[in-house]
Amino acid sequence: MPSHQHRTAPPGRRAVLAAGAAAALAFALPPVPAPASTARPAGPFGRFGSPAHRLTPRTLYVHPGGLGDHPTVQGAVDAAGGPGWTLVLAPGTYRETVLVSAARTGMTWLGASEDPKDVVVVYDNAAGTPRPDGTPYGTSGSATTTVQADGFTARWVTFANDFLRTDLPGNPGTQAVALKAQGDRSAFLHCRFLGHQDTLYADSMALNTLARQYFAHCHVEGDVDFVFGRAQAVFEHCRFRTLLRTDLPSAPYGFVFAPSTARGNPYGFLVSRSRFVSEAPDGYYKLARPWVPGSDPTAWPSLVVRDSVLGPGIDAVAPYANMRDAYPWQAQRFGEYRNTGPGADVTVPENRPQLSAAEAASATRAAYLGDWTPVAP
């Protein structure tokens, strides 16, 4: 298939998309014309209006049933001819891969219903999935949505990869990215990220390129390294959900974070005022392990988790592990501060590096994001 793929999901393909599909049916009828005195028309685009009542001259409306400017997200992205465009996505399941290139700066996606469960952008490529030429996609190529542009904002959208390990039996390439974010000043507000291994890839365009990213009031779920990369990323008021794997005989079932922060960057991932929940048994998940990729053997992974609630799914005794023995987690920049919950109990102090009050004073959103202030969540 071409790089931006579109296809119809077979019946019953994934239960996770049921809500989005139902919402699409609910909005399949044409809008009822509003009286002239009504400020905003009724219809599939809610309070954001319709193609006849645009937010700005640079607004495009996406509707899977053809009631907008484009039936696909990629079609609307391609039609946006310059910086500063807004896409309003009607409820529905958009089964396609999407690329927001570096040229489309300042783009905004809005879920029209203001409920991320209603707007789902999903595909099912994995690292081991063969391309049309027979070569595998690899982890980066597996992403359902790739955002390279600076200044990107998404609100009320679900980014998903519904690949299952049973889709490629015996194939080790089970990494399947829902979103790969590479741009600077990228904000994701009230969004969901659904997958299994490598769900959310918070990265940058190049090793020495700054990529500040902000995630607020988001839901992220998966099993292995499902938040990973080298971006300078802040997660506030987010919910991290660890899934139950049935293909492993024992713990650990997986890892939440796998940062790969460049050595010259003082800031990696910062998690604040968030919550960790699990459908797996108690203690079956590690909080993090360091990722030192072959493309950057000098990486010095950094993660701070502070003022958050760690549920019983996190192994309180040994919450960190090595990805490779050559890069032990103890040599990385991992730290915690004022966390609560059974997964945060400090039972073995040497396994739970804690920040001092002075260190915590510099582990803030302002320090990580610098001169960029994201839009209000």
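Reader: What makes the 66 residues a nonpolar core, and which have the most contacts inside it?
Author: The model is predicted. Its largest nonpolar core has 66 residues, with Trp109, Phe188 and Phe257 having the most contacts inside it. The name requires buried residues of nonpolar types such as Phe and Trp, joined through side-chain atoms within 4.5 Å.

Reader: Where does another core lie?
Author: Apart from the 66-residue core lies another, of 14 residues. Leu355, Ala360, Ala363 and Leu369 are among them.

Reader: What does phenylalanine 188 touch?
Author: Its partners include Phe152, Phe159, Leu179, Phe193 and Tyr214. Residues up to four places away in sequence are not counted. To touch, heavy atoms must come within 4.5 Å.

Reader: Why is valine 62 called buried?
Author: Its relative accessibility is 0%. The cut-off for buried is under 20%. Therefore valine 62 counts as buried. Among the residues it touches are Phe45, His70, Val88 and Tyr94.

Reader: Which strand holds valine 62, and why is S1 at an edge?
Author: Valine 62 lies in S1, residues 59-62. S1 begins the order S1-S2-S5-S8-S11-S14-S17-S20-S23-S25 of an open sheet of 10 strands. S1 and S25 (333-337) each have a single partner strand, so one side of each lacks a neighbour in the sheet. Neighbouring strands are turned by 10 degrees against each other on average, direction ignored.

Reader: How do you know that S5 and S8 pair?
Author: Pairing needs at least two bridges. Strand S5 (residues 108-111) and strand S8 (residues 153-155) have 3, in the parallel sense. The pair therefore meets the requirement of at least two. Leucine 110 stands opposite arginine 155 in S8.

Definitions and conventions:
Residues are numbered from 1 along each chain as its sequence is written. This is a predicted model: local features need pLDDT of at least 70, side-chain atom pairs count only at pLDDT 80 or more; totals for chains, interfaces and linings use all residues. Side-chain values use heavy atoms; hydrogens and water are left out. Helices (H or I, at least four residues) and strands (E, at least two) are DSSP runs, numbered from the N terminus. Buried means under 20% relative accessible area, exposed over 50%, partly exposed in between (1.4 Å probe, protein chains only). Axes are lines fitted to C-alpha atoms, for helices over the stretch in contact, and angles run from 0 to 180 degrees between N-to-C directions.
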